Amino acid sequence: GKTRLAVMAMFEWLYRYDDDAVVVFGVPSKGLLMQTADTMRSWRFTYGRIGGGYGELILGKDVYISTYASINKVRDSNVIKGKKVLLILDECHKVGAEQTSKVMETFQGDACLMLSATPHRSDGADPMEIMNAPIRYTLSLMEGIKQSRGKDDALDFTFNVVYVQPNAQETIELQQLNIAVSVAYHKAFKFAAADVMAVESNLFHRRNASNMVEWETRQAIDNYKAQCMKRKRLENEIEQRFDVTKHILSNNLGKKYAGFHESIFGIERLNQMCRDIGYYPRVYHSGMSLSKDQAIAYPELDNDTFRNRLKNYAKNSERELKRWTESPSDILLTCKSLKEGFDVPDMDGLIMMTGTNAVLSRIQTIGRVFRGRKHKEIWMLVVKGLGDKPSGDERCLNTILEKTEIPQSHVKYHYNLLNLSQSTQQQDTGVEQNV
């Protein structure tokens, strides 16, 4: 729907201003840049593509497609000077990122169209304020699906919630980190209370507090953030996440699936597990190097063959993505770059193996599979909290179900997926009781 709206706006703009018109189409990632170029080509637009590895500006084009990181090449070029510029920003919530916002504050065009399924950011950096572009139209996720498909063509999907358990050693480490996070939070709260509204979102986003200059305050907040990230990394590396994901993928061979992990290292661990049992997923990421700690913890990955494979994935990532997109049945393993905006309507399912506790990021990921005509399977792996306090995954799950308005009849809970007899269908008893 967003793409169709953008195309209509482009046609109208180019028709209205004719030779004086130019459209600048900004996207957050190279993967989305490639897909947007394919869309422009299908509508017969003449376009120039600007971004890492895609060359310089080409004169005489009607449309320029650029990543946010490279959009200053368009802004500062002669090809748009004196022209009537329509600036279109897809996944516009990314405009709120600190470096991007600095570029966009000085480049707003003669007209601006901003598109996002999740426009509001948790750090308070409102992209609508940065671009002076008020919200003109909103639509809820489920209502949008109903409108786009028609009354007699409901989306057929199952939202699978899979609970994973840390082993004994992982449990001990998580308990220790929970204590460290609690201590760091209260210390950061104490220092920050005089300067900012000391809620968790503000502690995570120090730029919201312009008057926060005390060194001790900065150190306390940075320590809190570091402890939270350390705990999240451990939660993301829980062994059962990998075993369960491998189980799901093994049971869906012959279908078109995508698996998302927060880190390249996690993707490569899963990739190695898949290769060990005889199937070879497509992999899309920018490459990585193995740290000393990772090499010690996972000696099976500490070899030249693995390192060379990482280099090849980084070199051939665009080709891998294109082959998966065009394949009727294949598995893709990827990180963060394809969570937003990427359109693959024939996908059968996706696995959110891990993720941040940012609800909007998860909703964006779910949106990759909420299209097309076949039955869809969405899998979200959730680590349970220790003791009475729910985990970030559990809080995130509750908010997702609330914000998306996914009907309870479509939600299925699995308390031990490796023993399928313990899976249960959600009844009308409410999410809170089940969690």
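**Side-Chain Contacts and Helix Packing**

Good morning. Let me begin with one residue: Tyr415 is partly exposed, with a relative accessible area of 29%. The structure before you is a predicted model, and every value I quote is computed from it. I shall return to Tyr415 shortly, after introducing the aromatic contacts.

A pair of aromatic rings is described by two quantities, the distance of the centres and the angle of the planes. How many aromatic pairs does the structure hold? There are seven. One of them joins Trp13 to Tyr17 in a tilted arrangement, at 4.7 Å centre to centre with 55° between the planes. Both residues belong to helix α1, and because they are four residues apart there, about one helical turn separates them. Trp13 counts as buried, at 7% relative accessibility. For Tyr17 the value is 25%, which places that residue in the partly exposed class.

The pair formed by Tyr163 and Tyr415 is stacked: the centres are 5.2 Å apart and the planes make an angle of 10°. This contact links distant parts of the chain, since Tyr163 is in strand β6 (residues 157-164), while Tyr415 is in the loop between β12 (411-414) and β13 (423-425), 252 residues apart. Is Tyr163 buried or exposed? Tyr163 is buried, with a relative accessible area of 2%. Its partner Tyr415, as I said at the outset, is partly exposed at 29%. The ring of Tyr163 has a further contact: the charged end of Lys384 sits over that ring, 4.7 Å from its centre.

One more aromatic feature deserves mention. Phe11, Trp43 and Phe45 are linked into a cluster by ring pairs.

I turn now to charged side chains. Side chains of opposite charge can pair when their charged atoms come close. In this model there are 17 salt bridges, and I shall discuss three pairs, each of which joins parts of the chain that are well separated in sequence.

The first pair on my list is Lys2 with Glu91, whose side chains meet in a salt bridge at 3.0 Å, N to O. Lys2 lies in helix α1 (residues 2-17) and Glu91 in the loop between β4 (84-90) and α4 (98-104), so this salt bridge ties together parts that are 89 residues apart in sequence. Lys2 is partly exposed, with a relative accessible area of 30%. Glu91, by contrast, is buried at 0%.

The next pair is Lys256 with Asp346, a salt bridge of 3.1 Å, N to O. Where do these two residues lie? Lys256 is in the loop between α10 (239-250) and β7 (257-260), and Asp346 is in the loop between β9 (331-334) and β10 (349-352), 90 residues apart. Lys256 counts as buried, at 0% relative accessibility, whereas Asp346 is partly exposed at 30%. Lys256 also has an aromatic neighbour: the lysine lies over the face of Trp324, at 5.3 Å from the ring centre.

The remaining pair is Lys232 with Asp393, again at 3.1 Å, N to O. The two residues lie in helices, Lys232 in α9 (residues 215-236) and Asp393 in α16 (residues 392-404), so the contact ties together parts that are 161 residues apart in sequence. Lys232 counts as buried, at 12% relative accessibility, and Asp393 is buried as well, at 0%. The two belong to a network of salt bridges that also includes Glu235, Arg241 and Arg362.

Let me close with helix packing. Two packed helices are described by the angle between their axes and the distance between the axes. Helix α11 (residues 264-276) takes part in both of the cases I shall show.

Helix α10 packs with α11 at an angle of about 50°, and the axes are 10 Å apart. The two helices are therefore oblique to each other, and their crossing is right-handed.

Against helix α13 (residues 304-315), α11 packs at an angle of about 110°, with the axes 12 Å apart. That angle makes α11 roughly perpendicular to α13. What is the hand of the crossing between α11 and α13? This crossing is right-handed.

Thank you for your attention.

How values were computed: Residues are numbered from 1 along each chain as its sequence is written. This is a predicted model: local features need pLDDT of at least 70, side-chain atom pairs count only at pLDDT 80 or more; totals for chains, interfaces and linings use all residues. Side-chain values use heavy atoms; hydrogens and water are left out. A salt bridge is a side-chain nitrogen of Lys or Arg within 4 Å of a carboxyl oxygen of Asp or Glu. Buried means under 20% relative accessible area, exposed over 50%, partly exposed in between (1.4 Å probe, protein chains only). Rings of Phe, Tyr and Trp (its six-membered ring) pair if their centres lie within 6.5 Å; planes under 30 degrees apart count as stacked, over 60 as edge-to-face and the rest as tilted. A charge sits over a ring if NZ of Lys or CZ of Arg is within 6 Å of the ring centre and within 35 degrees of the ring normal. Axes are lines fitted to C-alpha atoms, for helices over the stretch in contact, and angles run from 0 to 180 degrees between N-to-C directions. Angles under 35 degrees count as roughly parallel, over 145 as roughly antiparallel, 65 to 115 as roughly perpendicular and the rest as oblique. A crossing is left-handed if the near helix is turned anticlockwise from the far one by less than a right angle, and right-handed if clockwise.
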